[in-house]
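Work through the exercises below with the sequence and the structure open. Each task is followed by a solution in steps.

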2 protein chains.
Amino acid sequence: MKYSIMVEYALHSLTYLIDLPKEQPIGIKDLAEFQGLSETYLSKVFGKLSKAGIVKSVPGVKGGYSLASAPDTISFLDVVNAVEGVQPIFQCQNILRHAKESKVETRCADCTVKKTPCIINLTMLAAEQQMHAYLQGKTLAWLHSELDVILSPERRAEIQQFFIK
Amino acid sequence: MKYSIMVEYALHSLTYLIDLPKEQPIGIKDLAEFQGLSETYLSKVFGKLSKAGIVKSVPGVKGGYSLASAPDTISFLDVVNAVEGVQPIFQCQNILRHAKESKVETRCADCTVKKTPCIINLTMLAAEQQMHAYLQGKTLAWLHSELDVILSPERRAEIQQFFIK
């Protein structure tokens, strides 16, 4: 089981958006060129981010995408959910229902609703929730502050220079 | 992103194994019949569990599979890893390396080794670790004790009766 490579593309691309002055958009073409990625594929990633309200499209010659809200309101989980969807990782097909002479009569139409009597499904959902809580606690603002530690001021200025036209 | 349906099949099938007297094997045919599952598909699941040392094959007319070790030494994580493999959920293709004039020169051959300078990859690995830790803490012995709460003694006896020939 793996997340789509789109998750990596999304998170990395957003690091460039948070590092620019507010409202400064970046074009997909520049993001693709700078990262050595496919422009077409990156467009699909930003389509998903835009649909989820994480980025917004800015029209015009110097247009592109900018963050739709403040970096401290956008979490890693928001990005993962935007790209991967919000279905549970664990596939509960409620196979207990088919067990011989089972008393489990209702099919679990929505596994996120904890009405199923199946302890296995509840355990898997709780496990996933641990991962989600961690990702929810990491915001783009946090990522921005981490970049202060990792990237030299020179490299950071160099990157900003590339994107600011 | 989803776990294979094999994870559900594996966990549910193991609940029947832990509920039987020690060393009492269950045949795939009976497990498939009781749960209303495909025998062929369930054989593949048990092939993976056997390869990972979670169950062992017991030959003979009354043969089948039994747990290979004590239920308190087998975790949900062991089962998930047996079925899904142990690769990280997050695909790090180290795209930073391709960034313009990047100083990231080494390719991250093994993302589980935390030598990559990429904070995004480290964050995703840490998030997954939260889920793994939770699953590691839930053993088949724990599941067995939970069944005491959920299943009536009558239903439990009924199930055991089906599998004990």
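The exercises go from the single chain to the pair of chains and then to single residues.

The model is predicted, so local features need pLDDT of at least 70 and side-chain atom pairs count only at pLDDT 80 or more, while totals for chains, interfaces and linings use all residues. Residues are numbered from 1 along each chain as its sequence is written, chains are lettered from A and ligands numbered from 1 in the order in which they are written, and side-chain values use heavy atoms, with hydrogens and water left out.

**Exercise 1. The fold of chain A**

Task: Describe the secondary structure, burial and contacts of chain A.

Solution.
Step 1. Chain A contains seven helices and two strands (DSSP runs: helices are H or I with at least four residues, strands are E with at least two, numbered from the N terminus).
Step 2. Their order along the sequence is α-α-α-β-β-α-α-α-α.
Step 3. Of the 165 residues in chain A, 50% are buried. Buried means under 20% relative accessible area, exposed over 50%, and partly exposed in between, with a 1.4 Å probe and protein chains only.
Step 4. Take the contacts (heavy atoms within 4.5 Å) between residues of chain A at least 6 apart in sequence: 64% of them join residues at least 24 apart.
Step 5. The exposed area of chain A is about 7900 Å², with 53% supplied by carbon and sulfur atoms. Accessible areas come from the Shrake-Rupley method with a 1.4 Å probe, and for residues only the protein chains shown count as cover.

**Exercise 2. Cysteines**

Task: How many disulfides are found over all chains?

Solution.
Step 1. The test is a pair of cysteine sulfur atoms within 2.5 Å.
Step 2. Searching the whole structure gives zero disulfides.
Step 3. C118(A) is buried at 4% relative accessible area, and C118(B) is buried at 5%.

**Exercise 3. The two copies**

Task: What operation lays chain B on chain A, and how much area do the chains bury between them?

Solution.
Step 1. Superpose the copies by least squares on the C-alpha atoms of residues with pLDDT of at least 70 in both.
Step 2. A turn of 180° with a shift of 0.0 Å along the axis lays chain B on chain A at an RMSD of 0.0 Å. This is how a two-fold axis relates copies.
Step 3. The contact draws on 56 residues from chain A and 56 residues from chain B. Because 100% of the interface residues of chain B are also interface residues in chain A, the copies meet through the same surface.
Step 4. Between them the chains bury about 5100 Å², with 69% on carbon and sulfur atoms. Buried area is the accessible area (1.4 Å probe) that two parts lose on being put together, summed over both.
Step 5. The residues of chain B that lose the most area to chain A are M1(B), I95(B) and K100(B), together 15% of what that side buries.

**Exercise 4. Helix α5**

Task: Which elements pack against the buried residues of α5(A)?

Solution.
Step 1. Helix α5 of chain A covers residues 119–136, 18 residues, and reaches 25 Å from its first C-alpha to its last, close to the 26 Å expected. The expected span is 1.5 Å times one less than the number of residues.
Step 2. Its buried residues include I119(A), M124(A), L125(A), E128(A) and L135(A).
Step 3. They pack against α4 (76–84) of chain A together with α1 (5–18), α4 (76–84), α5 (119–136) and α6 (140–150) of chain B.
Step 4. For α5(B), the cover includes α1 (5–18), α4, α5 and α6 (140–150) of chain A together with α4 of chain B.

**Exercise 5. Three residues**

Task: Place L31(B), S50(B) and M1(A), and list their contacts beyond four places in sequence.

Solution.
Step 1. L31(B) sits in helix α2 (residues 28–35) of chain B and is buried at 0% relative accessibility. Its contacts are S13(B), Y16(B), L17(B), I26(B), L42(B), F46(B) and F163(B). From L31(B) to L42(B), 11 residues along the chain, the C-alpha separation is 8.2 Å.
Step 2. S50(B) lies in helix α3 (residues 39–51) of chain B and is partly exposed at 27%. S50(B) touches V55(B) and Y65(B).
Step 3. M1(A) belongs to the segment before α1 of chain A and is buried at 17%. M1(A) is in contact with I89(A), and in chain B with M1(B), K2(B), Y3(B), E84(B), P88(B) and I89(B).
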